[in-house]
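Me: Please take one close look at the charged side chains of this model, covering where they gather, how they pair and how far they are covered. I would like a single connected account.

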Amino acid sequence: MALLEVLLLLGLGVAVSSVSLQKRIVGGQDCRDDERLYHVMVLRYNNKIESLCGGSLISDQWVLTAAHCGNSDPQWVTEAHVGVHPKSAPKKIYRITQLEVYRDSNGRLHDIMLLKLPVKITTIRPIRLPDCPDTLLLGTKVQFAGHGLTQVGFFNKRLQDFPDDLQCAEFKIAKHEKLEEVLAKDKNSRRRYEKWYSVQSSKRDASRGDSGGGLVFKNRLYGVSSFLGDPDYAFNEPNGFMDVCAYKQWIDDTIN
């Protein structure tokens, strides 16, 4: 009986150890206090549901994010939380009433959106957009940041665990083919006509709550987090980021 108890304890120890090893940061590490000051937290909620996204301050009054991060329906509230990083910075919460979503010449909506703040922000320097047409080449190292889920369990299944601090991580621009294969399974996917970058890392991954966050190269905003190749398991598939240059004319026309 004593031997059986010892074996059971050893077995339990292995199981606990395995779970502990499986849990690791998905997004990389805490962002430095002097970077990503332009990062904005975007909340969308009603009486029953709340969703978390990111965004980037690109002028003194406009935030660039993903279209699915906001809702103009009167039953929904969209908020922009400015000054969320570092945590010691003074934070301001603004209710958004003007949401501009890109619509192409065929009337189709794309997953990129501008939020107009009710006041001008003078204490935070916005991030600059690229000198388009400037394309990120295959293999280019880029940085991404977000407040999304950070932990994974068995088989890298995403867990409901949000970080206290903004997370930063490096990725590489990947080939489109693999992500296109994933999207091909969804015959109604609007991703076929949108313009996006495919981004991947074998050790880091974006996750739920990271949508709308900015993909940055040399201190310029090149992409907006839009969708996960695999929403349930980390590291399996590339992720899609809206290509800012493809929408820059619309951005300039809207904010100016």
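Reply: In this predicted model, Arg204 sits in the loop between strand S11 (196-200) and strand S12 (214-217). With a relative accessibility of 31%, Arg204 counts as partly exposed, and together with Lys141, Lys172 and Lys203 it makes up a patch of positive charge on the surface. Membership in such a patch requires over 30% relative accessible area and no salt bridge, so the 31% computed for Arg204 satisfies the accessibility part of that condition.

A patch of the opposite sign is also found, for Asp30, Asp33, Asp161 and Asp164 form a negative patch on the surface. Of these, Asp161 belongs to the loop between strand S9 (141-146) and strand S10 (167-174), and its relative accessibility of 32% places Asp161 in the partly exposed class.

Turning from patches to pairs, side chains of opposite charge can pair when their charged atoms come close. The count of salt bridges here comes to 6, and three of them can be followed in detail.

One of them links Arg108 to Asp104, with an N to O distance of 2.9 Å; here Arg108 is partly exposed at 33% relative accessibility, while Asp104 is buried, having a relative accessible area of 12%.

Another is the salt bridge between the side chains of Asp252 and Lys248, at 3.2 Å from N to O. Both residues lie in helix H3 (residues 248-255), and because they are 4 residues apart there, about one helical turn separates Asp252 from Lys248. In this pair the basic partner, Lys248, is buried, with a relative accessible area of 19%, whereas Asp252 is partly exposed, with a relative accessible area of 22%.

Salt bridges with shared partners also join Arg32, Asp34 and Glu35 into one network. Within that network, Glu35 and Arg32 form a salt bridge in which the closest N and O atoms are 3.7 Å apart, and the cut-off for such a contact is a separation within 4 Å. The two ends of this bridge fall into separate classes of cover, since Glu35 is buried with a relative accessible area of 14%, whereas Arg32, at 51% relative accessibility, counts as exposed.

Definitions and conventions:
Residues numbered from 1 in each chain as written. Predicted model: local features only at pLDDT ≥ 70, side-chain atom pairs only at ≥ 80, totals over all residues. Heavy atoms only, no water. Patch = residues over 30% accessible without salt bridge, like charges linked within 9 Å, V, L, I, M, F, W, Y side chains within 5 Å. Areas by Shrake-Rupley, 256 points an atom, 1.4 Å probe, with all protein chains shown as cover. Lys, Arg positive; Asp, Glu negative; His and termini not counted. Charge placed at Lys NZ, Arg CZ, Asp CG, Glu CD. Helix = DSSP H or I, 4+ residues; strand = E, 2+ residues; numbered from the N terminus. Buried < 20%, exposed > 50% of the residue type's maximum accessible area, 1.4 Å probe, protein only.
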